[in-house]
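Please work through the following exercises with the sequence and the model open side by side. Each task is followed by a solution that goes step by step.

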Amino acid sequence: MPDYAQIEQDFLTEQRSLNAYDQALSLLGWDARTGAPKKGVEERSEVVGALATELFARKTSGRLKEMSQYLLEPEAASQISAVARRAAEETLTEVERMERLPQDEYQAFTTLTSKTESYWEEAKASGDFEGFRPYLEEIVAYQRRFTEYLGYNGHPYDALLHDFEPGMTVSTLDATFSRLRDGLLPLVEQVKGAPVRPDTSFLHAHVPKDRQRAFSEHVLRQMTYDFEAGRLDETVHPFAVGLNRNDVRVTTKYDESDFRTAVFGTIHEGGHALYEQNLGAHLAGTILADGASMGIHESQSLFWENFVARTRSFWENNFGRLQELSGRFQHVALDDFYFAVNSVEPSLIRIEADEMTYSLHIILRYELEKALIEGSLQVKDLPEAWNEKMKQYLGVVPSNHAEGVLQDVHWAGGAFGYFPSYALGYIYAAQLQQAMMRDLPAFDDLIASGDLAPVRHWLTNHVHQHGRMKRPADIMADATGEGTNPEPLLAHLSHKYQSLYRWS
């Protein structure tokens, strides 16, 4: 009989070694997006490609797969830890998927996407879609081939969804997003015909970057973000990255004519960071020390951004501090401010979208991605298709590609299958908030007092600590008692905005 205890020890040692590569690649990614020298793009991309290829080779060498298979034998169950067994399940799934991809193509794709993120920044700055188009066409061609290598039972896009939302399929997304879209569009129309409108002019008061940073840091600390295990930096497209639970970094983007970009962006990324900082210590160094899925990850960022930071209770506690740190808004009443930061106005930019229209931006991208992967849409026709859907869903049309098809970094980074996670995360966040209210009936009072620790502790107990020990569907079922359900989100939006806009 195999020595399962020794295999477990060897397996966990290998996991920690592979994790070192992951951390190095994450650090290089953070560096590239936070001011790395432009002249270093080519060589840095080669380094990323080399490290990713070595990691790929280590994972597909056969040894990791063999150890995982041993640890999943029925006889091993009583002799090894639950962490090792679950890590073996996740590792075997990942390795078997990687084995289906030709190593040379994987290395070429990784090197390409490392370069194209920098090229995308330049294209976005000038609105030059045609200049970026050849790179995007190459990325889409890779993705189409990868779906065939990976295999799928329904739609080819299913093969890409797994990397971001394991267990999710196009058929489920189509049904869920149809319910969500059909519920949102009438609400948007109700807002358009509402009898009252907020005054938002004061939101564009000039607030210097350093003052925005001071307030952003204040809110992160209130959220219980640990600055001894993280930092706040500036970037073009905000993100959070967790190297490990003791090094989780937040980035934001400052707009001195609209403080909301940085403040709500920081809170959003802070929600991601809290997830990473509060992963179970027992998972450190394993494949399980990560979010259960990107949808679950997005539920954390959107929970903090929308169900905490866009509430009146939050601003009861923080509006005075914003006035003090920004030197602005002294003559604005709290209720006017609250209405203004919750105004609904269909916009061009996803990361600046209001609560009501946000998911429509995601559904639009999902439909375009799906069409690109199935081949019914070509990259050259993407700008026109983008503009048509923007007009159809949001009633606005970009005047240039920078505020249109080039606005997101995801496609430049090869992250096809990622966008649905945002809308799923919003749905999950509403379901989690509904469940939390049953356990913390004083939720609003806690937020109004600035005591956000109980809120974070609830999320850690039900979501954070589990990492990938639990599957996404199991996390949601255990926390909320139900599967994916857009109705709590639609109910939240209907109640909140009917109260604000006073439609009958």
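## Exercises on pockets, a sheet and two helix residues

By class, the lining of the second largest pocket has eight nonpolar, eight polar and four charged residues. The structure is a predicted model, and the exercises below start from this pocket.

**Exercise 1.** Describe the second largest pocket by its volume, its lining and the elements that contribute to this lining.

*Solution.* Begin with the volume, which is about 440 Å³ for the second largest pocket. Next, turn to the lining, which consists of 20 residues, and note that Thr311, Gln433, His492, His495 and Lys496 are the ones that lie nearest the centre of the pocket. Then assign the lining to elements: two or more residues come from each of helix H11 (294-308), helix H12 (312-326), helix H16 (420-439), helix H17 (443-449) and helix H20 (487-501). Finally, rank the contributions, where H20 gives the most, with seven residues.

**Exercise 2.** Find how many cavities of 30 Å³ or more the structure holds, and characterise the lining of the largest cavity by residue and by class.

*Solution.* The count is one cavity of 30 Å³ or more, and the largest cavity has a volume of about 50 Å³. Its lining is made up of Trp120, Phe129, Phe132, Leu136, Val405, Leu406, Asp408, Trp411 and Ala412. Sorting these residues by class gives eight nonpolar, no polar and one charged. Among the elements, helix H6 (residues 129-150) gives the most to this lining, with three residues.

**Exercise 3.** Work out the strand order of the open sheet of three strands, and explain why E1 and E2 each have one side without a neighbour in the sheet.

*Solution.* The order of the strands is E1-E3-E2, and the pairing is mixed. Strand E1 (230-234) and strand E2 (240-244) stand at the edges with a single partner strand each, and therefore one side of each is left without a neighbour in the sheet. Neighbouring strands are turned against each other by 20 degrees on average, direction ignored.

Continue with the pair formed by E2 and strand E3 (residues 247-252), which is antiparallel and extends over four bridges. A hairpin of two residues joins E2 to E3. Within this pair, Ala240 stands opposite Val250 in E3, while Val241 stands opposite Arg249 in E3. To complete the picture, add helix H10 (residues 260-277), which lies across E1, E2 and E3 and runs at about 165 degrees to E3.

**Exercise 4.** Decide whether Trp30 is buried or exposed, and list the residues that are in contact with Trp30 beyond its neighbours within four places in sequence.

*Solution.* Locate Trp30 first, in helix H1 (residues 4-33). Its relative accessibility is 12%, and because buried means under 20%, Trp30 counts as buried. Once neighbours within four places in sequence are left aside, the contacts of Trp30 are with Arg231, Asp233, Phe239, Val241, Arg249 and Thr251. Two of these contact residues, Val241 and Arg249, are the residues that stand opposite each other in the pairing of Exercise 3. For Arg249, the separation from Trp30 is 219 residues along the chain, but 8.5 Å between the C-alpha atoms.

**Exercise 5.** Place Ala20 in its element, and classify its exposure.

*Solution.* Ala20 is also found in helix H1. With a relative accessible area of 46%, Ala20 falls between the limits of 20% and 50% and is therefore partly exposed. As a last step, compare sequence and space for Ala20 and Leu55, which are 35 residues apart in sequence and 9.7 Å apart from C-alpha to C-alpha.

Technical notes
Residues are numbered from 1 along each chain as its sequence is written. This is a predicted model: local features need pLDDT of at least 70, side-chain atom pairs count only at pLDDT 80 or more; totals for chains, interfaces and linings use all residues. Side-chain values use heavy atoms; hydrogens and water are left out. Two strands pair if DSSP finds at least two bridges between them. Axes are lines fitted to C-alpha atoms, for helices over the stretch in contact, and angles run from 0 to 180 degrees between N-to-C directions. Contact means heavy atoms within 4.5 Å. On a 1 Å grid over the protein atoms alone, a cavity is a set of points where a 1.4 Å probe fits but cannot get out, and a pocket is an open set with protein on both sides within 12 Å along at least five of seven lines; lining residues have an atom within 4 Å of a point. Grid points are joined across faces, edges and corners, and a volume is the space filled by probe spheres set on the points. Ala, Val, Leu, Ile, Met, Phe, Trp, Tyr, Cys and Pro count as nonpolar, Asp, Glu, Lys and Arg as charged, and the others, Gly among them, as polar. Buried means under 20% relative accessible area, exposed over 50%, partly exposed in between (1.4 Å probe, protein chains only).
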